[in-house]
Amino acid sequence: MKLFQFRLQRVLDLRRQQAESERVHLRKLLTACERLEEEIRSLGSALHDARAHIRHAPSAAGEDYIALSYFESHVQRRTTALETRRQQLYPQLADQRARLLEAERKLKLLEKLEARRRAEWTVEHDKELETLGAESHLARLQSARRHSMA
């Protein structure tokens, strides 16, 4: 009896590797986007804290307000730059999601084909076992008849 062997196994393995590669790339893009969002939130929080500190300081000098103004300008420029980078990631994310979906679609097609071929092989294998069992049983019956006639 022959073991099951899927002729397109190497292609299936390649499709699995491609799908995993696309997943990894998407995760990297998502992580980069999350980092940018976290940095934007962190800058906003730092600005909020600085404003609160100046407001609640018992003796805030004019220099403190000037420094706060410079800090606000810096935060605004930095936030704008981060937001621009984040917006640039969105088309890349959409493209990568499409690439991942296509890779997974190709993989699923081959996996379904493999499952169908395995099911066909199983049916053939079971028939072969049944035939061998029947032939063995008939051979034993004939052998028993010969011994009983002799």
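**Nonpolar cores and overall dimensions of a two-helix chain**

In the predicted model, the largest nonpolar core comprises 14 residues, of which Leu82, Leu89 and Leu93 touch the most other members. Both α1 (9-56) and α2 (62-149) supply at least two residues of this core, and the greatest contribution comes from α1, which gives eight residues. The surroundings of one of these leucines can be specified further: when neighbours within four places in sequence are left aside, Leu89 is in contact with Leu29, Ala32, Cys33 and Leu36.

Apart from this core lies another, made up of eight residues, among them Phe6, Ala19, Leu110 and Leu113. Leu110 is found in helix α2, and its relative accessibility is 10%; Leu110 therefore counts as buried, given that the cut-off for burial is under 20% relative accessible area. Once residues up to four places away in sequence are excluded, Leu110 touches Phe6, Leu8, Val11, Leu12 and Arg15. The separation in sequence that is bridged in this part of the model is illustrated by Leu110 and Arg16, which are 94 residues apart along the chain, whereas their C-alpha atoms are 9.8 Å apart in space.

With respect to secondary structure, the protein chain contains two helices and zero strands. Its radius of gyration is 35 Å, whereas a value near 15 Å would apply to a compact globule of 150 residues. Along the principal axes, the C-alpha atoms fill a box of roughly 125 × 30 × 15 Å. Contacts between residues at least 6 apart in sequence were also examined for their span, and 85% of them join residues at least 24 apart.

Burial and surface composition were considered for the chain as a whole. Of the 150 residues, 17% count as buried, while the area exposed by the protein chain amounts to about 11700 Å², with carbon and sulfur atoms supplying 54% of that area. As regards charge, the protein chain carries 29 positive and 23 negative charges, and the mean positions of these two sets are 7 Å apart.

Notes. Residues are numbered from 1 along each chain as its sequence is written. This is a predicted model: local features need pLDDT of at least 70, side-chain atom pairs count only at pLDDT 80 or more; totals for chains, interfaces and linings use all residues. Side-chain values use heavy atoms; hydrogens and water are left out. Helices (H or I, at least four residues) and strands (E, at least two) are DSSP runs, numbered from the N terminus. The radius of gyration is taken over C-alpha atoms; the globule rule is 2.2 Å times the number of residues to the power 0.38. Buried means under 20% relative accessible area, exposed over 50%, partly exposed in between (1.4 Å probe, protein chains only). Contact means heavy atoms within 4.5 Å. Accessible areas come from the Shrake-Rupley method with a 1.4 Å probe; for residues, only the protein chains shown count as cover. Lys and Arg count as positive and Asp and Glu as negative; His and the chain ends are not counted. The place of a charge is taken as NZ of Lys, CZ of Arg, CG of Asp or CD of Glu. A nonpolar core is a set of buried Ala, Val, Leu, Ile, Met, Phe, Trp, Tyr and Cys residues joined through side-chain atoms within 4.5 Å.
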